[in-house]
Amino acid sequence: MELQELKKAFVDAYGKEAEGVFFSPGRVNLIGEHTDYNGGYVFPCALSFGTYLLIGKNEDCLMRFKSLNMPEVTELKLTELTKPLPNNHWVNYPLGCIAQFLKKGVKISQGYDILIWGTVPAGAGLSSSAALEVVTAYAFNELLGTGYDRTTLALIGQASEHEFAGVNCGIMDQFASAQGKQNHAIFLNCDTMEFELVPVKLEGIKVVISNTHSPHKLDSGAYNARVAQCQLALEQLRTVRPELKNLAELTEAEFEKIESAITDPVAHRRARHVVGEVQRTTDAVKALQAGEIETFGKLMNQSHVSLRDDYEVTGLHLDTLAEEAWKIPGVIGSRMTGGGFGGCTVSLVKDEAIPEFIEKVGKAYEEKTGIKADFYIAEIGDGARRIF
Ligand code: GLA
């Protein structure tokens, strides 16, 4: 949808012009999965699709929310902004961000009309919720003149997800949405929040996203269960290494020496994934910087295997897409991306192999699952911004 059409949709919904239009992107993670809430490294990039937010003041002391995908307008009084709505209402994502401003002592004495339009495929694990959170935080930061930096805006989004959506996520998605840069991936240390923007210059290779169309069930409790299993592993390791701050601190060699302290076999597998994935992520970034793209691809494949066998967040849909991709000679690497349990894979594919990739992977996937996959060539875009 063009900007003009979006602005017209705002006029249709609220009977006046929008005062500002903001955008924040979805993300795809190249490597470094389920490491963020363990203080590890991640390597995501922002995408060209994301969530738009149009906003204008009102004189009614009401916060009004409308999404172009839903017919109704949700209206809240300014005194009703600190509690989530029941039944996993979509408004909880932006509302949870507004609540964080209030929590920080910022006064909101003015009503606003808000219109949302998202272009991230829903349920694909490409962070449509983070895009919605960050675009809200970004817009209110400007309108309220709070001057928070982008990292703080990402943290506001994460807090919204924890407190209003009940998902104990790490910082990766909101950070990528806030800090993304065109044609760069973000090498982020999720413990210190230090990051480096690494150019993704792939000669004759594209980043291809394959959508299982099997919804990822991030809110199903399976994600929070992984967070809790890692916490258990950490607590058990602390019986022999009391000063250990997080799992990601351990090298693989250090982990081998003390892993027997983890008595729970599931927690042990989860921790082994985290420690290995942090190493793979560091190695992958070095390989990319050195132009060793084949090495990068192998590490992507190893990441998938570890997420399949040790972290157990893949399943038939993601495994079929990744494993069928590995069979094609022009595929450099392929793995699940995001939280897992459905959603998407990310693959590096040589230009000339893309038609074969889409045809063969798509056909094998449909035969096995009865679902048609979708394929997108990823465009790596910029982070949150005002567009009008
Ligand atoms: C989801 C979460 C992120 C991260 C990934 C897995 O996308 O929101 O914080 O944990 O899963 O890497």
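**Exercise 1.** Which residues surround the ligand?

*Solution.* The model is predicted. Start with the residues around the ligand: Arg27, Glu33, His34, Asp36, Tyr37, Cys169, Gly170, Met172, Asp173, Tyr223, Gly338 and Gly339. Next, sort the shell by class. It has 4 nonpolar, 4 polar and 4 charged residues. Then sort by domain. Domain 1 (3–199 + 382–386) and domain 2 (205–377) each supply at least three residues of the shell.

**Exercise 2.** Find polar atoms of Gly170, Tyr223 and Gly339 that face ligand oxygen atoms, and give the distances.

*Solution.* The cut-off for a polar contact is 3.5 Å. Take Tyr223: an N or O atom of its side chain is 2.6 Å from a ligand oxygen. Take Gly170: a polar backbone atom is 3.0 Å from an oxygen of the ligand. Take Gly339: a backbone N or O atom is 3.4 Å from a ligand oxygen. Now the surface. Alone, the ligand exposes 310 Å², and the protein buries 98% of that.

**Exercise 3.** Classify the ring pair Phe49 and Tyr376, and locate both residues.

*Solution.* The structure has 14 aromatic pairs. For this one, the centres are 6.1 Å apart and the planes meet at 80°. Edge-to-face needs over 60 degrees, so the pair Phe49 and Tyr376 is edge-to-face. Phe49 sits in strand S3 (residues 44–58) and Tyr376 in strand S12 (residues 374–377), 327 residues apart. Phe49 and Tyr376 are both buried.

**Exercise 4.** What kind of aromatic pair do Phe101 and Phe140 form?

*Solution.* The centres are 6.5 Å apart, with 50° between the planes. The pair is tilted. Phe101 and Phe140 are buried.

Notes: Residues are numbered from 1 along each chain as its sequence is written. This is a predicted model: local features need pLDDT of at least 70, side-chain atom pairs count only at pLDDT 80 or more; totals for chains, interfaces and linings use all residues. Side-chain values use heavy atoms; hydrogens and water are left out. A residue is near a molecule or strand if one of its heavy atoms lies within 4 Å of it. A polar contact is a pair of N or O atoms within 3.5 Å; within protein, one must be able to donate a hydrogen and the other to accept it, and residues adjacent in sequence count only if both atoms are side-chain atoms. Accessible areas come from the Shrake-Rupley method with a 1.4 Å probe; for residues, only the protein chains shown count as cover. Ala, Val, Leu, Ile, Met, Phe, Trp, Tyr, Cys and Pro count as nonpolar, Asp, Glu, Lys and Arg as charged, and the others, Gly among them, as polar. Domain bounds come from an automatic or database domain assignment. Rings of Phe, Tyr and Trp (its six-membered ring) pair if their centres lie within 6.5 Å; planes under 30 degrees apart count as stacked, over 60 as edge-to-face and the rest as tilted. Helices (H or I, at least four residues) and strands (E, at least two) are DSSP runs, numbered from the N terminus. Buried means under 20% relative accessible area, exposed over 50%, partly exposed in between (1.4 Å probe, protein chains only).
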